[in-house]
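Please walk through this structure with the viewer open, one selection at a time. Each stop says what to select and what is found there.

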Amino acid sequence: MSDTSPLRGLQLRSLIRAEGELELSLVEVETPEPGPDEVVLRIEASPINPSDIGLLFGAADMDSATAVQIEGQPGLRMTVPERGLRAMAARIGMAIPCGNEGAGTVVRAGSSPAAQALLGRRVAGIGGGGMYAQYRCLRLDQCLPLHDGATAEEGASCFVNPLTALGMVETMKLEGHRALVHTAAASNLGQMLNRICLKDGIELVNIVRKPEQADLLRAQGAKHVCCTASPSFLAELTDALAATGATIAFDAIGGGKLAGQILGCMEAAISRTATEFSRYGSNVMKQVYIYGGLDLSPTEITRSFGMCWGVGGWLLFPFLNRVGPAVTAALKQRVADELLTTFGSHYARRIPLAGMVDPAEVAVYALRATGTKFLVEPASP
Ligand SMILES: NC(=O)c1ccc[n+]([C@@H]2O[C@H](COP(=O)([O-])OP(=O)(O)OC[C@H]3O[C@@H](n4cnc5c(N)ncnc54)[C@H](OP(=O)(O)O)[C@@H]3O)[C@@H](O)[C@H]2O)c1
(Lines give C-alpha, C1' and ligand atoms only; values in the text may rest on other atoms or scores of the structure.)
Protein backbone atom coordinates (compact mmCIF):
# COMPACT_ATOMS: atom_id res chain seq x y z
CA MET A 1 0.00 0.00 0.00
CA SER A 2 1.34 3.48 -0.85
CA ASP A 3 2.39 5.81 1.96
CA THR A 4 -0.17 8.56 2.52
CA SER A 5 1.32 10.22 5.60
CA PRO A 6 1.96 13.95 5.04
CA LEU A 7 5.33 14.74 3.47
CA ARG A 8 7.18 17.43 5.38
CA GLY A 9 10.27 19.24 4.17
CA LEU A 10 12.25 22.46 4.34
CA GLN A 11 11.44 25.39 2.06
CA LEU A 12 13.45 28.59 1.60
CA ARG A 13 11.55 31.86 2.05
CA SER A 14 12.45 35.50 1.62
CA LEU A 15 10.71 38.11 3.78
CA ILE A 16 11.14 41.89 3.82
CA ARG A 17 9.90 43.68 6.94
CA ALA A 18 8.66 47.26 7.04
CA GLU A 19 11.44 48.09 9.55
CA GLY A 20 13.99 47.62 6.73
CA GLU A 21 15.12 44.05 7.32
CA LEU A 22 15.31 41.13 4.89
CA GLU A 23 15.23 37.61 6.26
CA LEU A 24 15.97 34.35 4.44
CA SER A 25 14.67 31.40 6.42
CA LEU A 26 14.32 27.65 6.06
CA VAL A 27 10.80 26.75 7.12
CA GLU A 28 9.46 23.24 7.60
CA VAL A 29 6.23 22.94 5.62
CA GLU A 30 3.75 20.19 4.84
CA THR A 31 3.68 19.35 1.13
CA PRO A 32 0.13 19.41 -0.29
CA GLU A 33 -1.26 16.07 -1.45
CA PRO A 34 -1.26 16.02 -5.26
CA GLY A 35 -4.57 16.55 -7.06
CA PRO A 36 -5.53 14.19 -9.91
CA ASP A 37 -3.24 15.94 -12.44
CA GLU A 38 -0.42 16.79 -10.04
CA VAL A 39 2.74 15.15 -8.76
CA VAL A 40 5.08 15.72 -5.82
CA LEU A 41 8.72 16.10 -6.74
CA ARG A 42 11.61 15.39 -4.37
CA ILE A 43 13.82 18.21 -5.60
CA GLU A 44 17.38 17.13 -6.21
CA ALA A 45 18.84 20.05 -8.17
CA SER A 46 17.79 23.66 -8.73
CA PRO A 47 19.88 26.46 -10.30
CA ILE A 48 20.32 29.95 -8.84
CA ASN A 49 19.47 32.25 -11.76
CA PRO A 50 19.67 36.07 -11.81
CA SER A 51 15.87 36.34 -11.55
CA ASP A 52 15.96 34.18 -8.40
CA ILE A 53 18.66 36.41 -6.94
CA GLY A 54 16.45 39.44 -7.54
CA LEU A 55 13.60 37.89 -5.56
CA LEU A 56 15.82 36.43 -2.83
CA PHE A 57 17.56 39.67 -1.92
CA GLY A 58 15.36 42.47 -3.24
CA ALA A 59 17.01 45.79 -2.55
CA ALA A 60 18.94 44.55 0.51
CA ASP A 61 22.44 45.80 1.29
CA MET A 62 24.52 42.75 0.32
CA ASP A 63 27.37 43.74 2.66
CA SER A 64 25.07 43.49 5.67
CA ALA A 65 24.46 39.71 5.42
CA THR A 66 24.58 38.12 8.87
CA ALA A 67 24.09 34.44 9.68
CA VAL A 68 21.34 33.80 12.26
CA GLN A 69 19.32 30.89 13.64
CA ILE A 70 15.58 31.04 12.97
CA GLU A 71 13.39 28.43 14.69
CA GLY A 72 16.34 26.02 14.93
CA GLN A 73 17.39 26.38 11.27
CA PRO A 74 20.19 28.45 9.74
CA GLY A 75 19.00 31.73 8.27
CA LEU A 76 20.25 35.09 7.06
CA ARG A 77 19.41 38.71 7.89
CA MET A 78 20.25 41.82 5.91
CA THR A 79 19.30 45.46 6.09
CA VAL A 80 17.23 47.11 3.37
CA PRO A 81 18.06 50.82 2.92
CA GLU A 82 15.15 53.28 3.08
CA ARG A 83 15.34 54.03 -0.68
CA GLY A 84 15.21 50.32 -1.57
CA LEU A 85 12.37 49.72 0.86
CA ARG A 86 10.05 52.00 -1.11
CA ALA A 87 10.72 49.97 -4.28
CA MET A 88 9.90 46.79 -2.34
CA ALA A 89 6.56 48.07 -0.97
CA ALA A 90 4.46 45.46 -2.81
CA ARG A 91 6.15 42.51 -1.06
CA ILE A 92 6.60 43.84 2.47
CA GLY A 93 5.45 41.31 5.08
CA MET A 94 5.18 38.41 2.61
CA ALA A 95 7.38 35.34 3.23
CA ILE A 96 7.93 34.39 -0.43
CA PRO A 97 8.99 30.84 -1.41
CA CYS A 98 11.83 31.20 -3.93
CA GLY A 99 13.34 29.15 -6.77
CA ASN A 100 11.88 29.01 -10.26
CA GLU A 101 12.96 25.66 -11.62
CA GLY A 102 14.66 22.38 -10.83
CA ALA A 103 14.59 18.64 -11.30
CA GLY A 104 14.05 15.61 -9.14
CA THR A 105 12.14 12.38 -8.71
CA VAL A 106 8.37 12.02 -8.55
CA VAL A 107 7.59 10.54 -5.13
CA ARG A 108 3.81 10.98 -5.11
CA ALA A 109 1.36 11.18 -7.98
CA GLY A 110 -2.29 12.14 -8.38
CA SER A 111 -4.95 9.71 -9.51
CA SER A 112 -4.96 10.44 -13.27
CA PRO A 113 -3.17 7.92 -15.51
CA ALA A 114 -0.82 10.64 -16.78
CA ALA A 115 0.23 11.53 -13.23
CA GLN A 116 0.59 7.87 -12.19
CA ALA A 117 2.85 7.26 -15.22
CA LEU A 118 5.39 9.69 -13.74
CA LEU A 119 5.70 7.96 -10.36
CA GLY A 120 9.38 7.16 -9.77
CA ARG A 121 10.41 9.08 -12.92
CA ARG A 122 12.94 11.88 -12.99
CA VAL A 123 11.35 15.09 -14.23
CA ALA A 124 12.26 18.75 -14.58
CA GLY A 125 9.79 21.25 -13.18
CA ILE A 126 9.03 24.93 -13.37
CA GLY A 127 7.48 26.07 -10.13
CA GLY A 128 7.14 29.83 -10.40
CA GLY A 129 8.64 29.86 -6.89
CA GLY A 130 9.03 27.27 -4.20
CA MET A 131 11.68 25.14 -5.94
CA TYR A 132 14.32 25.81 -3.25
CA ALA A 133 12.64 23.17 -1.14
CA GLN A 134 12.92 19.49 -0.40
CA TYR A 135 9.50 18.75 -1.95
CA ARG A 136 7.25 20.62 -4.34
CA CYS A 137 3.79 19.76 -5.66
CA LEU A 138 3.48 20.61 -9.38
CA ARG A 139 0.81 20.38 -12.07
CA LEU A 140 1.62 18.07 -14.97
CA ASP A 141 1.92 21.03 -17.34
CA GLN A 142 4.72 22.37 -15.11
CA CYS A 143 6.72 19.15 -15.62
CA LEU A 144 9.00 17.87 -18.36
CA PRO A 145 9.79 14.14 -18.06
CA LEU A 146 13.51 13.62 -18.69
CA HIS A 147 14.90 10.92 -20.94
CA ASP A 148 15.92 7.69 -19.18
CA GLY A 149 19.26 7.99 -17.42
CA ALA A 150 19.24 11.81 -17.27
CA THR A 151 20.49 13.14 -13.94
CA ALA A 152 18.74 15.82 -11.90
CA GLU A 153 21.70 18.13 -12.52
CA GLU A 154 21.31 17.69 -16.27
CA GLY A 155 17.61 18.53 -16.05
CA ALA A 156 17.76 21.31 -13.45
CA SER A 157 17.91 24.23 -15.92
CA CYS A 158 15.54 22.80 -18.52
CA PHE A 159 13.04 25.63 -18.60
CA VAL A 160 14.03 29.22 -17.90
CA ASN A 161 17.19 29.77 -19.95
CA PRO A 162 16.58 27.23 -22.77
CA LEU A 163 13.00 28.38 -23.47
CA THR A 164 14.02 32.03 -23.23
CA ALA A 165 16.86 31.55 -25.73
CA LEU A 166 14.53 29.67 -28.07
CA GLY A 167 11.87 32.35 -27.49
CA MET A 168 14.27 35.02 -28.75
CA VAL A 169 14.73 33.15 -32.02
CA GLU A 170 10.96 32.60 -32.37
CA THR A 171 10.25 36.28 -31.63
CA MET A 172 12.81 37.29 -34.24
CA LYS A 173 11.01 35.18 -36.84
CA LEU A 174 7.49 36.20 -35.74
CA GLU A 175 8.33 39.89 -36.01
CA GLY A 176 10.02 39.65 -39.39
CA HIS A 177 13.68 40.12 -38.46
CA ARG A 178 16.48 37.94 -39.81
CA ALA A 179 19.34 38.19 -37.31
CA LEU A 180 19.74 38.84 -33.60
CA VAL A 181 21.71 40.99 -31.18
CA HIS A 182 22.26 39.80 -27.60
CA THR A 183 23.85 41.59 -24.63
CA ALA A 184 25.63 40.16 -21.56
CA ALA A 185 26.21 37.48 -24.18
CA ALA A 186 28.73 35.37 -22.25
CA SER A 187 26.00 34.47 -19.74
CA ASN A 188 24.78 30.88 -19.42
CA LEU A 189 21.81 31.88 -21.57
CA GLY A 190 24.03 33.71 -24.05
CA GLN A 191 26.21 30.67 -24.61
CA MET A 192 23.05 28.63 -25.22
CA LEU A 193 21.73 31.20 -27.70
CA ASN A 194 25.08 31.10 -29.50
CA ARG A 195 24.81 27.30 -29.84
CA ILE A 196 21.20 27.55 -31.11
CA CYS A 197 22.14 30.19 -33.70
CA LEU A 198 25.17 28.20 -34.90
CA LYS A 199 23.05 25.06 -35.22
CA ASP A 200 20.12 26.79 -36.92
CA GLY A 201 22.21 29.01 -39.21
CA ILE A 202 21.05 32.31 -37.66
CA GLU A 203 23.39 35.30 -37.55
CA LEU A 204 24.00 36.57 -34.01
CA VAL A 205 25.80 39.68 -32.81
CA ASN A 206 27.08 39.08 -29.26
CA ILE A 207 27.79 42.08 -27.02
CA VAL A 208 29.97 41.53 -23.92
CA ARG A 209 31.75 43.83 -21.48
CA LYS A 210 35.15 42.12 -21.05
CA PRO A 211 37.75 40.87 -23.58
CA GLU A 212 37.90 37.44 -21.89
CA GLN A 213 34.14 37.06 -22.47
CA ALA A 214 34.71 37.78 -26.17
CA ASP A 215 37.45 35.11 -26.23
CA LEU A 216 35.13 32.61 -24.52
CA LEU A 217 32.38 33.11 -27.11
CA ARG A 218 34.78 33.05 -30.07
CA ALA A 219 36.23 29.77 -28.75
CA GLN A 220 32.65 28.45 -28.91
CA GLY A 221 32.34 29.42 -32.57
CA ALA A 222 30.75 32.89 -32.28
CA LYS A 223 31.43 34.96 -35.42
CA HIS A 224 30.38 38.43 -34.28
CA VAL A 225 31.42 39.54 -30.80
CA CYS A 226 31.64 43.22 -29.79
CA CYS A 227 33.07 44.33 -26.48
CA THR A 228 31.78 47.51 -24.85
CA ALA A 229 35.27 48.01 -23.34
CA SER A 230 36.76 48.54 -26.80
CA PRO A 231 37.43 52.22 -27.68
CA SER A 232 35.88 51.54 -31.11
CA PHE A 233 32.87 49.61 -29.76
CA LEU A 234 30.24 51.62 -31.65
CA ALA A 235 32.06 51.32 -34.98
CA GLU A 236 32.60 47.57 -34.45
CA LEU A 237 28.95 47.09 -33.51
CA THR A 238 27.81 49.02 -36.61
CA ASP A 239 30.03 46.81 -38.81
CA ALA A 240 28.61 43.63 -37.25
CA LEU A 241 25.05 44.91 -37.70
CA ALA A 242 25.73 45.81 -41.34
CA ALA A 243 27.25 42.35 -41.93
CA THR A 244 24.33 40.47 -40.36
CA GLY A 245 21.33 42.73 -40.99
CA ALA A 246 20.28 42.31 -37.35
CA THR A 247 17.40 44.63 -36.44
CA ILE A 248 16.20 43.04 -33.18
CA ALA A 249 18.13 42.93 -29.90
CA PHE A 250 17.55 41.22 -26.56
CA ASP A 251 19.14 43.19 -23.75
CA ALA A 252 19.69 41.58 -20.34
CA ILE A 253 21.27 44.70 -18.84
CA GLY A 254 18.47 47.27 -19.10
CA GLY A 255 20.17 50.20 -17.37
CA GLY A 256 22.41 52.80 -18.99
CA LYS A 257 22.96 53.77 -22.63
CA LEU A 258 23.44 50.40 -24.35
CA ALA A 259 19.87 49.85 -25.60
CA GLY A 260 19.87 53.28 -27.27
CA GLN A 261 23.36 52.74 -28.69
CA ILE A 262 22.23 49.48 -30.30
CA LEU A 263 19.31 51.28 -31.99
CA GLY A 264 21.64 54.06 -33.15
CA CYS A 265 24.12 51.55 -34.60
CA MET A 266 21.28 49.63 -36.30
CA GLU A 267 20.16 52.84 -38.01
CA ALA A 268 23.75 53.67 -39.00
CA ALA A 269 24.18 50.17 -40.48
CA ILE A 270 20.91 50.46 -42.42
CA SER A 271 21.80 53.91 -43.76
CA ARG A 272 24.98 52.49 -45.34
CA THR A 273 22.85 51.01 -48.09
CA ALA A 274 20.12 53.71 -48.21
CA THR A 275 19.47 55.11 -51.65
CA GLU A 276 17.78 58.33 -50.58
CA PHE A 277 17.68 60.65 -47.56
CA SER A 278 14.65 60.83 -45.27
CA ARG A 279 14.48 63.30 -42.40
CA TYR A 280 12.40 60.74 -40.50
CA GLY A 281 15.18 58.14 -40.72
CA SER A 282 14.91 54.71 -42.33
CA ASN A 283 11.61 52.90 -42.50
CA VAL A 284 13.18 49.67 -41.23
CA MET A 285 11.73 48.63 -37.85
CA LYS A 286 14.41 48.40 -35.18
CA GLN A 287 13.51 46.71 -31.89
CA VAL A 288 15.22 46.26 -28.53
CA TYR A 289 13.60 44.01 -25.96
CA ILE A 290 14.85 44.46 -22.40
CA TYR A 291 14.51 41.03 -20.84
CA GLY A 292 16.73 41.33 -17.76
CA GLY A 293 17.72 43.86 -15.11
CA LEU A 294 21.42 43.24 -14.57
CA ASP A 295 21.79 47.02 -14.23
CA LEU A 296 18.86 48.58 -12.38
CA SER A 297 19.75 52.19 -13.22
CA PRO A 298 17.49 54.10 -15.66
CA THR A 299 17.49 53.16 -19.35
CA GLU A 300 18.92 56.18 -21.20
CA ILE A 301 17.84 56.57 -24.81
CA THR A 302 19.31 59.32 -26.95
CA ARG A 303 17.04 59.34 -30.01
CA SER A 304 19.26 59.47 -33.06
CA PHE A 305 17.64 56.80 -35.19
CA GLY A 306 14.50 58.17 -36.80
CA MET A 307 10.99 57.13 -35.83
CA CYS A 308 10.88 53.46 -36.75
CA TRP A 309 11.91 51.80 -33.54
CA GLY A 310 10.64 50.20 -30.38
CA VAL A 311 11.89 49.42 -26.90
CA GLY A 312 9.86 47.04 -24.78
CA GLY A 313 10.00 44.38 -22.11
CA TRP A 314 10.13 40.66 -22.86
CA LEU A 315 9.27 37.87 -20.45
CA LEU A 316 9.18 34.14 -21.04
CA PHE A 317 5.63 33.35 -19.88
CA PRO A 318 3.79 36.03 -21.86
CA PHE A 319 5.82 34.86 -24.87
CA LEU A 320 4.69 31.25 -24.31
CA ASN A 321 1.09 32.46 -24.03
CA ARG A 322 1.53 34.38 -27.27
CA VAL A 323 2.74 31.35 -29.25
CA GLY A 324 0.32 28.91 -27.60
CA PRO A 325 0.48 25.31 -26.37
CA ALA A 326 1.52 23.58 -29.61
CA VAL A 327 4.62 25.75 -30.16
CA THR A 328 5.42 25.60 -26.43
CA ALA A 329 5.30 21.80 -26.51
CA ALA A 330 7.58 21.70 -29.57
CA LEU A 331 10.10 24.02 -27.89
CA LYS A 332 10.06 21.89 -24.71
CA GLN A 333 10.59 18.76 -26.76
CA ARG A 334 13.61 20.31 -28.45
CA VAL A 335 15.06 21.15 -25.02
CA ALA A 336 14.57 17.55 -23.83
CA ASP A 337 16.12 16.17 -27.04
CA GLU A 338 19.19 18.46 -26.94
CA LEU A 339 19.55 18.63 -23.16
CA LEU A 340 23.19 17.56 -23.07
CA THR A 341 24.32 19.54 -26.11
CA THR A 342 22.64 22.82 -27.12
CA PHE A 343 20.98 23.34 -23.73
CA GLY A 344 23.68 22.06 -21.36
CA SER A 345 24.27 24.29 -18.31
CA HIS A 346 27.47 24.36 -16.28
CA TYR A 347 27.72 24.98 -12.56
CA ALA A 348 30.65 26.38 -10.63
CA ARG A 349 29.47 24.98 -7.31
CA ARG A 350 26.87 22.68 -5.75
CA ILE A 351 25.45 23.58 -2.34
CA PRO A 352 22.81 22.14 0.01
CA LEU A 353 19.71 24.19 0.88
CA ALA A 354 21.47 25.54 4.00
CA GLY A 355 24.30 26.85 1.76
CA MET A 356 21.89 29.38 0.30
CA VAL A 357 21.82 31.23 3.62
CA ASP A 358 25.57 31.00 4.26
CA PRO A 359 27.02 34.54 3.89
CA ALA A 360 30.23 33.17 2.30
CA GLU A 361 28.25 31.38 -0.43
CA VAL A 362 25.89 34.36 -0.90
CA ALA A 363 28.89 36.64 -1.49
CA VAL A 364 29.77 34.56 -4.56
CA TYR A 365 26.47 33.40 -6.03
CA ALA A 366 24.76 36.80 -5.75
CA LEU A 367 27.42 38.32 -8.04
CA ARG A 368 25.83 36.76 -11.16
CA ALA A 369 29.30 36.71 -12.71
CA THR A 370 30.19 34.76 -15.87
CA GLY A 371 30.68 31.06 -15.16
CA THR A 372 29.72 31.20 -11.47
CA LYS A 373 26.24 29.68 -11.57
CA PHE A 374 25.42 27.66 -8.42
CA LEU A 375 23.30 24.53 -8.20
CA VAL A 376 21.26 23.92 -5.06
CA GLU A 377 20.82 20.28 -4.05
CA PRO A 378 17.93 20.29 -1.53
CA ALA A 379 17.94 16.50 -1.16
CA SER A 380 21.57 16.60 0.09
CA PRO A 381 22.23 17.00 3.81
N1 LIG B 1 12.88 37.79 -19.32
C2 LIG B 1 12.96 36.48 -19.11
O3 LIG B 1 11.94 35.77 -19.24
C4 LIG B 1 14.26 35.86 -18.71
C5 LIG B 1 14.36 34.47 -18.66
C6 LIG B 1 15.61 33.91 -18.37
C7 LIG B 1 16.72 34.72 -18.11
N8 LIG B 1 16.56 36.08 -18.12
C9 LIG B 1 17.71 36.96 -17.89
O10 LIG B 1 18.80 36.50 -18.67
C11 LIG B 1 20.01 37.03 -18.15
C12 LIG B 1 21.09 35.97 -18.18
O13 LIG B 1 20.77 34.91 -17.26
P14 LIG B 1 21.85 33.75 -16.99
O15 LIG B 1 21.26 32.78 -16.03
O16 LIG B 1 22.35 33.25 -18.27
O17 LIG B 1 22.99 34.62 -16.25
P18 LIG B 1 24.45 34.20 -15.73
O19 LIG B 1 24.92 32.95 -16.36
O20 LIG B 1 24.42 34.30 -14.24
O21 LIG B 1 25.37 35.38 -16.32
C22 LIG B 1 25.15 36.72 -16.02
C23 LIG B 1 26.01 37.52 -17.01
O24 LIG B 1 25.68 38.89 -16.90
C25 LIG B 1 26.87 39.65 -16.87
N26 LIG B 1 26.57 40.86 -16.11
C27 LIG B 1 26.18 40.96 -14.82
N28 LIG B 1 25.93 42.23 -14.51
C29 LIG B 1 26.16 42.96 -15.63
C30 LIG B 1 26.09 44.34 -15.96
N31 LIG B 1 25.71 45.26 -15.05
N32 LIG B 1 26.42 44.73 -17.21
C33 LIG B 1 26.81 43.83 -18.14
N34 LIG B 1 26.88 42.50 -17.90
C35 LIG B 1 26.57 42.08 -16.66
C36 LIG B 1 27.89 38.77 -16.22
O37 LIG B 1 29.17 39.18 -16.64
P38 LIG B 1 30.38 39.56 -15.62
O39 LIG B 1 31.14 38.26 -15.38
O40 LIG B 1 31.15 40.57 -16.39
O41 LIG B 1 29.76 40.10 -14.36
C42 LIG B 1 27.49 37.40 -16.78
O43 LIG B 1 28.12 37.17 -18.03
C44 LIG B 1 19.64 37.55 -16.75
O45 LIG B 1 19.55 38.95 -16.82
C46 LIG B 1 18.28 36.95 -16.49
O47 LIG B 1 17.51 37.72 -15.59
C48 LIG B 1 15.36 36.65 -18.41
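Select Lys 223 first: in this predicted model, Lys 223 is exposed, with a relative accessible area of 60%. The cut-off for exposed is over 50%. Now add Glu 203, whose side chain forms a salt bridge with that of Lys 223 at 3.5 Å, N to O. Glu 203 belongs to strand E12 (residues 203-208), while Lys 223 sits in the loop between helix H7 (211-219) and strand E13 (224-227), so the bridge ties together parts that are 20 residues apart in sequence. Glu 203 is partly exposed, at a relative accessible area of 27%.

Next, select Glu 175 and Arg 322. Their side chains meet in a salt bridge of 2.9 Å, N to O. The pair links distant parts of the chain, 147 residues apart: Glu 175 is in the loop between helix H5 (160-174) and strand E11 (179-182), and Arg 322 is in helix H10 (residues 316-337). Glu 175 has 26% relative accessibility and counts as partly exposed. Arg 322 is also partly exposed, with a relative accessible area of 47%.

Move on to Arg 122 and Glu 44. A salt bridge of 3.1 Å, N to O, joins these two side chains. Arg 122 lies in strand E8 (residues 122-126) and Glu 44 in strand E3 (residues 38-47), distant parts of the chain that are 78 residues apart. Is each partner buried or partly exposed? Glu 44 is buried, at 12% relative accessibility, whereas Arg 122 is partly exposed, at 30%.

For a network rather than a pair, select Arg 17, Glu 21, Glu 23 and Arg 77, which are linked by salt bridges. A search of the whole structure finds 21 salt bridges.

Now select Arg 108, in strand E7 (residues 101-109). Arg 108 counts as buried because its relative accessibility is 10%, and the cut-off for buried is under 20%. What does its side chain reach? One partner is the backbone oxygen of Ser 5, at 2.7 Å from the side chain of Arg 108. Another is the side chain of Glu 33, which makes a polar contact of 2.9 Å with that of Arg 108.

The last stop is the ligand. Select the residues around it: there are 26, and the closest are Leu 189, Lys 210, Gln 213, Thr 370 and Lys 373. By type, the shell divides into 13 nonpolar, eight polar and five charged residues.

Zoom in on the oxygen atoms of the ligand. A polar side-chain atom of Gln 213 is 2.7 Å from a ligand oxygen. An N or O atom in the side chain of Thr 370 is likewise 2.7 Å from an oxygen atom of the ligand. At Leu 316 the partner is a polar backbone atom, 2.8 Å from a ligand oxygen. Taken alone, the ligand exposes 940 Å², of which the protein buries 90%.

To see where the shell comes from, colour by secondary structure and then by domain. H5 and helix H6 (188-200) each supply at least two shell residues. H5 gives the largest share, three residues. Domain 1 (7-157 + 345-376) and domain 2 (161-318) each contribute at least three residues to the shell around the ligand.

Definitions and conventions. Residues are numbered from 1 along each chain as its sequence is written. This is a predicted model: local features need pLDDT of at least 70, side-chain atom pairs count only at pLDDT 80 or more; totals for chains, interfaces and linings use all residues. Side-chain values use heavy atoms; hydrogens and water are left out. A salt bridge is a side-chain nitrogen of Lys or Arg within 4 Å of a carboxyl oxygen of Asp or Glu. Helices (H or I, at least four residues) and strands (E, at least two) are DSSP runs, numbered from the N terminus. Buried means under 20% relative accessible area, exposed over 50%, partly exposed in between (1.4 Å probe, protein chains only). A residue is near a molecule or strand if one of its heavy atoms lies within 4 Å of it. A polar contact is a pair of N or O atoms within 3.5 Å; within protein, one must be able to donate a hydrogen and the other to accept it, and residues adjacent in sequence count only if both atoms are side-chain atoms. Accessible areas come from the Shrake-Rupley method with a 1.4 Å probe; for residues, only the protein chains shown count as cover. Ala, Val, Leu, Ile, Met, Phe, Trp, Tyr, Cys and Pro count as nonpolar, Asp, Glu, Lys and Arg as charged, and the others, Gly among them, as polar. Domain bounds come from an automatic or database domain assignment.
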